[in-house]
Amino acid sequence: MTATADTGQQPPDTATTFVHQRRGRWIDRWEPDNERFWKSGADRTAKKNLLFSVFAENLGFSVWVLWASVVTGMGAAGFTFLDGLGKGDPTAVSNALLLTSIPTLVGSTLRIPYTFAIPRFGGRAFTMFSAAMLLVPTVGLIFFVNQPGTPMWVFVVLAALSGFGGGNFSSSMANISFFFPDGKKGAALGINAAGGNLGVAQTQLLVPLLITLGTHLTAKDAAGYRFGITLAVLVWIPFILAAAFGALRYMDSLSTAKSDGRSYRPALTNHHTWVMAFLYIGTFGSFIGFSFAFPTLIKANFPDLANIGWITTLGNLAFLGALVGSFSRPFGGWLSDRMGGGAKITIAVFGGMAVAVALIMAALEMKSFPLYLLAFLVLFVLAGIGNGSTYRMIPSIFSAQAKKYASEHGLEPAEGAASAKRQAGAAIGVIGAVGAFGGFVLQQALRLSNTNFGTMAPAFWAYAAAFLVMAGVTWWFYRRASFAVGRVPSLAYANV
């Protein structure tokens with residue numbers, strides 16, 4: 001059935017036009033690259049779906065990262081396994097990092113099946129489902145945080161369930177990619193990704209404020225902190241319900257949104273997919289891993305900040321990291337275009353991230369919170385830029401590889417370009433999942449370093465070394481000069 005407006009009237013020329021849909025339904029014909037089709041109403045329908053997609057994905061990130069802020073108040077709420085967090089107790093710090101890393105693990109794992117869900121169930125139904133699933137960890141946390149005797153394993157399960165919010169990114173990005181023409185897809189996906197990432201910053205800002213408000217409304221004791229945590233979680237539930245209803249009522253599903261299963265095998269067997277997944281661990285893995293860990297790191301390393309009321313109320317300013325990292329992501333793609341390729345920017349990013357880690361270590365040695373915060377903000381900005389530059393590299397790599405293959409085998413350039421787009425789309429899902437898993441690895445490295453050595457310094461220095469290795473890998477595969485490529489053959493491409 002060709003889509004019609006709510007009035008029930010057919011478009012004047014159903015072969016080339018489309019009438020904007022105000023309410024959600026299945027759309028059987030969708031041709032965004034047809035300019036007349038796009039301008040006759042398809043653009044408004046696509047933007048409508050983007051709006052509700054961003055809303056639902058933003059809440060997914062908010063619930064995903066909820067534990068990063070909640071754990072900092074649970075010790076004061078009477079849960080003894082986190083009681084020593086503000087004093088830098090190794091056991092409490094390790095427990096906190098476990099609770100913040102479990103959502104990262106589950107969220108990264110779910111990104112792969114969530115990518116395939118859109119062609120199977122449709123964007124409208126799955127966005128509604130993925131939004132509604134956020135009620136499970138939030139309602140569960142509200143119930144059990146008000147039971148002072150709740151054991152830690154229950155909270156581990158609830159933290160794992162909040163990982164559903166991390167999977168929303170892949171389904172949301174996959175869904176929106178089908179709605180927009182090639183010339184507008186990059187901007188739409190950038191808005192979608194940035195809107196989701198901002199959920200991390202808003203949660204880390206609002207949750208400490210609401211916990212503090214709860215203690216002011218009751219008392220600054222264990223019961224008061226439990227009420228504050230309840231308030232900080234309860235505030236998301238109306239928005240979750242609104243997102244699920246909005247998706248059901250107003251979003252659309254595309255009958256033509258089918259994945260090309262044949263593209264996944266060549267993408268998975270292409271070693272560039274795994275090279276880029278490794279690099280994305282360093283950029284997105286660092287962004288999401290440090291976003292989850294940052295509130296805990298500040299509280300453990302600078303416990304005296306609790307004496308400065310306004311800093312405590314603002315969550316020790318931890319929200320600033322995710323905020324600057326989210327806003328710098330689109331800048332990475334723009335800068336890559338201006339500088340003639342993402343690889344050049346990615347190399348500089350990894351080098352800068354290694355320097356930022358060295359500054360973090362210097363700040364800890366000097367016990368300087370201003371330097372510590374500044375160094376971490378630099379790290380977050382660079383990670384955000386790196387997210388944009390690495391994503392910019394992926395289609396360029398597959399495009400260059402397809403052009404080379406078409407030239408060597410006498411194929412039409414258009415055929416090679418179409419194949420490149422399909423393989424790049426398949427590879428992005430895998431790369432995104434592996435990159436998010438890097439956030440779990442990062443937090444576990446911090447946790448194990450703290451447990452075994454009583455300090456996180458070994459983990460941080462390992463990160464610095466890894467960033468330098470990633471810079472070298474980027475140069476080796478994508479920026480080597482012609483003389484080096486001639487001596488050690490590779491699939492390096494100019495301007496990637």
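With which residues is Thr296 in contact, leaving aside its neighbours within four places in sequence? In this predicted model, the contacts of Thr296 outside that window are made with Ala68, Val71, Thr72, Leu85, Ala96, Leu97 and Thr100. Thr296 itself belongs to helix α12, which spans residues 271-301, and the residue counts as buried because its relative accessibility is 0%, where the limit for burial is under 20%.

A second threonine, Thr45, was examined in the same manner. Thr45 is placed in helix α1, and with a relative accessibility of 0% this residue, too, counts as buried. When neighbours within four places in sequence are set aside, the contacts of Thr45 are Phe18, His20, Gln21, Ile27, Trp30 and Asp252. For one of these partners, Phe18, the separation from Thr45 is 27 residues in sequence, while the C-alpha atoms of the two residues lie 9.5 Å apart in space.

Helix α1, which covers residues 35-64, also contributes to an aromatic pair. The count of aromatic pairs in the model comes to 34. In one of them, the ring centres of Phe61 and Phe169 are 6.0 Å apart and the ring planes stand at 85 degrees, so the arrangement is classed as edge-to-face, for which an angle over 60 degrees is required. This pair links distant parts of the chain, since Phe61 is in helix α1 and Phe169 is in helix α7, with their positions 108 residues apart in sequence. Both Phe61 and Phe169 are buried.

Another edge-to-face pair is formed by Phe376 and Phe460, and it is assigned to that class because the planes of the rings are at 75 degrees, with the ring centres 6.2 Å apart. Phe376 lies in helix α16 (residues 369-409) and Phe460 in helix α18 (residues 457-478), so that the pair ties together parts of the chain that are 84 residues apart in sequence. Phe376 counts as buried at a relative accessibility of 0%, and Phe460 is likewise buried, with a relative accessible area of 1%.

An aromatic ring is also involved in an arrangement with a charged side chain. Arg120 lies over the face of Phe121, at a distance of 5.2 Å from the ring centre.

The search for enclosed space was made over the whole structure, and one cavity of 30 Å³ or more was found. Rolling a probe the size of a water molecule over the atoms shows where empty space is left. The largest cavity holds about 60 Å³ of space, and its lining is made up of Ser53, Ala56, Glu57, Thr127, Ser130, Asn168, Ser171 and Ser172. At least two residues of this lining are supplied by each of the helices α1 (35-64), α4 (123-132) and α7 (164-179); α1 and α7 are also the helices that hold Phe61 and Phe169, respectively. Sorted by class, the lining consists of six polar residues, one nonpolar residue and one charged residue.

A further buried position is found at Val154, which has its place in helix α6 (residues 152-161). The relative accessible area of Val154 is 10%, and the residue is therefore classed as buried, the limit being under 20%. Between Val154 and Phe144, which are ten residues apart along the chain, the C-alpha atoms are separated by 8.1 Å.

Notes:
Residues numbered from 1 in each chain as written. Predicted model: local features only at pLDDT ≥ 70, side-chain atom pairs only at ≥ 80, totals over all residues. Heavy atoms only, no water. 1 Å grid on protein atoms, 1.4 Å probe; cavity = no way out; pocket = protein on both sides within 12 Å on 5 of 7 lines; lining within 4 Å. Points joined across faces, edges and corners; volume = space filled by probe spheres on them. Helix = DSSP H or I, 4+ residues; strand = E, 2+ residues; numbered from the N terminus. Nonpolar A, V, L, I, M, F, W, Y, C, P; charged D, E, K, R; others polar. Phe/Tyr/Trp six-rings, centres within 6.5 Å; stacked < 30°, edge-to-face > 60°. Buried < 20%, exposed > 50% of the residue type's maximum accessible area, 1.4 Å probe, protein only. Lys NZ or Arg CZ within 6 Å of the ring centre and 35° of its normal. Contact = heavy atoms within 4.5 Å.
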